[in-house]
Amino acid sequence: MPTIACVGHTNDKDFLGVTTGTCNMTETDFAGTFEVLRSNHDNSFVQFVVTNAKEAQSCLVVQELHNGGGSYGPRGGAQVAIGSCDAKESEWKYDENTKEVISSHFDGGDVCMTTGWPFLQVGAFDTPTAPDAEKTVVILNEAGQSANYVLKDGDRVIVTGSIPAHSIQTVLID
């Protein structure tokens with residue numbers, strides 16, 4: 001069974017982009033609603049216009065990762081945020097065959113629409129009964145390149161590290 005999640009209608013202040021989450025609007029007022037329209041600049045592109053955004057003319061835009069990272073190529077990804085519909089970053093191609101939403105905005109190559117870091121997946125768990133740690137974090141790097149990361153608790157840095165390409169790390173936190 002596929003996972004059901006909705007794209008937020010505002011940029012997360014800590015994440016600096018949109019995130020996915022619950023689709024129950026009455027519970028969190030989180031989920032965005034979007035209208036897919038042909039771009040005014042080039043009819044071969046589409047734009048995802050946020051219909052419940054706080055700012056007028058807001059669209060999903062691709063943005064370069066602040067750490068200079070990313071994974072380019074047909075299966076690579078880039079972070080998505082809410083931005084101006086007038087920006088070239090708001091123009092996407094939809095591939096009918098693969099059902100992928102693709103941006104050609106970067107010089108390095110096409111990237112797929114994704115939320116979050118395009119190649120790092122992270123899961124964090126409370127493990128209060130474990131003898132070694134109260135929290136466990138599992139990090140998966142799907143990219144063909146290593147990545148640096150910083151784990152924080154609010155503004156407090158817990159640990160910084162690096163993960164090699166195509167690998168999994170488990171971090172134990174007291």
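**Exercise 1. Which residue of β13 does Val 150 stand opposite?**

The structure is a predicted model, in which local features need pLDDT of at least 70 and side-chain atom pairs count only at pLDDT 80 or more, while totals for chains, interfaces and linings use all residues. Residues are numbered from 1 along each chain as its sequence is written, and side-chain values use heavy atoms, with hydrogens and water left out.

Step 1. Locate the strands, which, like helices, are DSSP runs numbered from the N terminus (H or I with at least four residues for a helix, E with at least two for a strand): β12 covers residues 147–153 and β13 covers residues 156–163.

Step 2. Establish the pairing, for which DSSP must find at least two bridges between two strands; β12 and β13 are antiparallel and share seven bridges.

Step 3. Read off the partner: Thr 160 in β13 stands opposite Val 150.

Step 4. Examine the turn, where two residues lie between the strands of this hairpin and Gly 154 takes a positive phi near 65°.

**Exercise 2. Identify the salt bridges and describe the accessibility of their residues.**

Step 1. Apply the criterion, namely a side-chain nitrogen of Lys or Arg within 4 Å of a carboxyl oxygen of Asp or Glu; the structure holds three such salt bridges. Side chains of opposite charge can pair when their charged atoms come close.

Step 2. Take Asp 153 and Arg 156, whose closest N and O atoms are 3.6 Å apart. With relative accessible area under 20% called buried, over 50% exposed and in between partly exposed (1.4 Å probe, protein chains only), Asp 153 is partly exposed at 45%, and Arg 156 is exposed at 52%.

Step 3. Turn to Asp 126 and Lys 135, which form a salt bridge with 2.9 Å between the closest N and O atoms; Asp 126 is exposed at 60%, whereas Lys 135 is partly exposed at 41%.

Step 4. Finish with Glu 91 and Lys 88, where the corresponding separation is 3.4 Å; Glu 91 is buried at 5%, while Lys 88 is partly exposed at 48%.

**Exercise 3. Characterise the chain as a whole.**

Step 1. Count the secondary structure elements: the chain has one helix and 14 strands.

Step 2. Assess burial, which applies to 35% of the 174 residues.

Step 3. Consider contacts (heavy atoms within 4.5 Å): among those with a separation of 6 or more, 46% join residues 24 or more positions apart.

Step 4. Evaluate the accessible area, computed by the Shrake-Rupley method with a 1.4 Å probe: the chain exposes about 10800 Å², of which carbon and sulfur atoms supply 50%.
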